[in-house]
Amino acid sequence: MSGRNREEIMIEPAKPADFKALQCSECLKGNDLGFEFHMAFQPIVNTNTGSVLAQEALVRGPENQGAGWVFERINDSNRYRFDQACRVKAIQQASLLGGDALLNINFLPNAVYRPELCIRTTLAAAKEFNFPLDRLVFEITESEKLSDYNHLQNIVDHYKSLGFKIAIDDFGAGYAGLNHLAQIEAEFVKLDMALIRDIQHKPKNQIILRGIVQVCNELGTTVIAEGVESKNELDVLQEMGIDIFQGYYFAKPGFKEYPEIENL
């Protein structure tokens, strides 16, 4: 399950006047955001190896309020600082919790003015908390409408040059579709939960998913089925050759902690 709401966002990239290199301490305190937030974590598991591939960082309110509570408080004036603060908090908390899994972080492309400048805070946080760059995965939600696709491509190219991995989130629910697969060359594609729900009863969805899996296999892109909630869904998806999953069937998000995993 994604930590973002599905509300359409159509915002121009931040302008130079909005940019300010932030210190890790500023982001951790959420300076100028006007509210406090924390992270929950939900595992992404590999059922073939019986291991945790990644932990996705999901925004939560100070008392574990859902992502919607947080995003209601995001606007043009604090969007950049919020994006930066999310990265720093996710890296800090994952470092404290330990382990060697990947860390998936959702990011707002429209909050990035120039990737080579805006990434400085992330790099500083990774250095301060001793978190390897090659364990960071930035998730692009396909349900977010972008004002400038070239801007997104520039961000992705720069991030990949630094060793970060890229995932396309909510695939099958958004705007770009197969065009994202062709141009972004993401390491991971996360199938939208709307395609997954009750897949055992939806032969048309099964046909669509088999096609997506085949395309991703030929591109060398790893498929992740998110939102898996039942054994019946899991069985059908595994028959399609999918090994990596995320959803309540395995674990609900743990507030400020890695949750216990079931059914692995």
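Start by selecting Lys-231 and Asp-235, whose side chains meet in a salt bridge with N and O 2.8 Å apart. You are looking at a predicted model, so treat each stop as a feature of that prediction. Both residues sit in helix α10, four residues apart, which is about one turn of the helix. Now colour the pair by accessibility. Lys-231 is partly exposed, at 42% relative accessibility, and Asp-235 is also partly exposed, with a relative accessible area of 28%.

Keep the salt bridges in view for a moment and add Glu-56, Glu-139, Lys-190 and Glu-226 to your selection. Salt bridges that share partners join these four residues into one network. How many salt bridges does the structure hold? The count is nine, and two more of them come next on the tour.

**Back to helix α10**

Select Arg-197 and Glu-233. These two form a salt bridge, and their closest N and O atoms are 3.0 Å apart. Here the bridge links distant parts of the chain: Arg-197 is in the loop between α8 (193-196) and α9 (203-219), while Glu-233 belongs to helix α10 (residues 231-239), 36 residues away. Is Glu-233 buried or exposed? Glu-233 counts as buried because its relative accessibility is 1%, and the cut-off for buried is under 20%.

**A bridge from helix α6**

Next, pick Lys-160 and Glu-187. Their side chains meet in a salt bridge, with 2.9 Å from N to O. This pair, too, links distant parts of the chain, 27 residues apart. To find the two ends, look for Lys-160 in helix α6 (residues 149-161) and for Glu-187 in the loop between α7 (178-184) and β6 (188-191). What is the relative accessibility of Lys-160? The value is 27%, so Lys-160 counts as partly exposed. Glu-187, with a relative accessible area of 25%, is partly exposed as well.

**Last stop: a nonpolar patch**

Leave the charged residues and select Leu-178, Val-215 and Leu-219. Together they form a nonpolar patch on the surface, with about 260 Å² of accessible area. Switch on a surface display and centre the view on Leu-178, which lies in helix α7. Leu-178 counts as exposed because its relative accessibility is 55%, and exposed means over 50%.

To finish, show the three bridged pairs again: Lys-231 with Asp-235, Arg-197 with Glu-233, and Lys-160 with Glu-187.

Terms used:
Residues numbered from 1 in each chain as written. Predicted model: local features only at pLDDT ≥ 70, side-chain atom pairs only at ≥ 80, totals over all residues. Heavy atoms only, no water. Buried < 20%, exposed > 50% of the residue type's maximum accessible area, 1.4 Å probe, protein only. Patch = residues over 30% accessible without salt bridge, like charges linked within 9 Å, V, L, I, M, F, W, Y side chains within 5 Å. Areas by Shrake-Rupley, 256 points an atom, 1.4 Å probe, with all protein chains shown as cover.
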